[in-house]
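Work through the exercises below with the coordinates open. Try each task before reading its solution.

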Amino acid sequence: MRTLFTDNAYGMPGNDDLGSTSSLLVFAMAGVFEAQPGSANYIVSAPMFEKVEIRPEHGRRISIEAPGASASKLQYVSSVATKKGELRRIWLSHKDLLRSGSIKIKLSDRPTSWGVDAAPPAMAPQG
């Protein structure tokens with residue numbers, strides 16, 4: 001998506017589905033996105049910005065901070081913390097996201113073991 005969505009005249013290829021593709025891109029670049037629509041669970045991933053603020057209309061401001069984040073290099077999450085402490089799983093429920101206040105994401109330039117075997121309930125392997 002990084003190569004397709006740019007800030008030039010051709011920065012939005014094809015049909016944007018009335019904003020849904022752009023919305024997914026914005027959330028993914030912020031480091032939280034709903035990977036399974038309708039699940040109300042958000043995956044935490046490496047953001048492309050050092051700081052992002054989400055301001056829900058009727059809710060508390062959510063700050064996502066990731067020192068050293070950059071859209072120009074591949075990065076991996078090494079740890080995530082909210083006001084409730086370190087997040088061991090790779091996801092937040094909608095309620096947890098709205099209550100988080102701040103999400104602090106530490107990044108690495110190498111793959112880490114953070115989030116291994118910690119998929120959201122609906123996406124966890126069955127068997």
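**Exercise 1. A core residue**

Leaving aside its neighbours within four places in sequence, which residues is V44 in contact with?

*Solution.*
- Step 1. Note what kind of model this is: a predicted one.
- Step 2. Drop the neighbours of V44 within four places in sequence, and list the rest: G31, V32, V80, L87, I90, L92, I105 and W114.
- Step 3. Place V44 in the core. The largest nonpolar core has 24 residues, and V44 is among those that touch the most other members, along with V32, I64, V80, I103 and I105.
- Step 4. Ask which strands feed this core. At least two residues each come from β1, β2, β3, β4, β5, β7 and β8.

**Exercise 2. Confidence**

Find which element has the lowest mean pLDDT and which the highest.

*Solution.*
- Step 1. Start with the chain. Its average pLDDT is 85, and 82% of the residues score at least 70.
- Step 2. Go to the elements. Helix α1, residues 20-30, has the lowest mean, 85. Strand β8, residues 102-108, has the highest, 97.

**Exercise 3. Two sheets**

Give the strand order of the open sheet of three strands, then that of the open sheet formed by five.

*Solution.*
- Step 1. The three-stranded sheet runs β1-β2-β7, with antiparallel pairing. Its edges are β1 (32-33) and β7 (91-93), each pairing on one side only.
- Step 2. Check one pair in that sheet. β1 and β2 (residues 41-44) run antiparallel and are joined by two bridges. F33 stands opposite I43 here.
- Step 3. The five-stranded sheet has the order β3-β4-β8-β5-β6, and its pairing is mixed. β3 and β6 (85-86) are the edge strands, with pairing on one side only.
- Step 4. Check two pairs in this sheet. Four bridges join β3 to β4, and the two run antiparallel. Five bridges join β5 to β8, also in an antiparallel run. In the latter pair, Y76 is opposite S108.

**Exercise 4. The faces of β3**

Which residues of β3 lie on its covered face, and which on its uncovered one?

*Solution.*
- Step 1. Recall the rule: in a regular strand, side chains alternate between the two faces of the sheet.
- Step 2. Assign the residues. V52 and I54 make up the covered face of β3, K51 and E53 the uncovered one.
- Step 3. Look across to the partner strand. K51 stands opposite E65 in β4.

**Exercise 5. Salt bridges**

How many salt bridges does a search of the whole structure find? Trace those of E53 with K51 and R55, then the one between K104 and E65.

*Solution.*
- Step 1. The count is six.
- Step 2. Take K51 and E53. Their closest N and O atoms are 3.8 Å apart.
- Step 3. Take R55 and E53. Here the closest N and O atoms are 3.0 Å apart.
- Step 4. Compare the exposure of this second pair. R55 is exposed because its relative accessible area, 59%, is over the 50% cut-off. E53, at 31%, is partly exposed.
- Step 5. Join the links: K51, E53, R55 and R61 form a network of salt bridges.
- Step 6. Turn to K104 and E65, whose side chains meet at 3.5 Å, N to O. K104 lies in β8 and E65 in β4, so this pair ties together parts 39 residues apart in sequence.
- Step 7. Read off exposure. K104 is partly exposed at 42%, and E65 is partly exposed at 27%.

**Exercise 6. S79: buried or exposed?**

*Solution.*
- Step 1. Locate S79: strand β5, residues 76-82.
- Step 2. Apply the cut-off. S79 has 17% relative accessibility, which is under 20%, so S79 counts as buried.
- Step 3. List its contacts beyond four places in sequence. They are E86, K104, I105, K106 and W114.

**Exercise 7. A loop residue**

Where is R88, and what does R88 touch beyond four places in sequence?

*Solution.*
- Step 1. R88 sits in the loop between β6 and β7.
- Step 2. R88 has a relative accessible area of 63%, so the residue is exposed.
- Step 3. Beyond four places in sequence, R88 touches G115 and A118.
- Step 4. Add a C-alpha distance. R88 and V116 are 28 residues apart along the chain, and their C-alpha atoms are separated by 9.3 Å.
- Step 5. Finish with the side chain of R88. It makes a polar contact with the side chain of E86, at 3.5 Å.

Definitions and conventions
Residues are numbered from 1 along each chain as its sequence is written. This is a predicted model: local features need pLDDT of at least 70, side-chain atom pairs count only at pLDDT 80 or more; totals for chains, interfaces and linings use all residues. Side-chain values use heavy atoms; hydrogens and water are left out. Two strands pair if DSSP finds at least two bridges between them. pLDDT is the predictor's confidence in each residue, from 0 to 100. Buried means under 20% relative accessible area, exposed over 50%, partly exposed in between (1.4 Å probe, protein chains only). Contact means heavy atoms within 4.5 Å. A nonpolar core is a set of buried Ala, Val, Leu, Ile, Met, Phe, Trp, Tyr and Cys residues joined through side-chain atoms within 4.5 Å. A salt bridge is a side-chain nitrogen of Lys or Arg within 4 Å of a carboxyl oxygen of Asp or Glu. A polar contact is a pair of N or O atoms within 3.5 Å; within protein, one must be able to donate a hydrogen and the other to accept it, and residues adjacent in sequence count only if both atoms are side-chain atoms.
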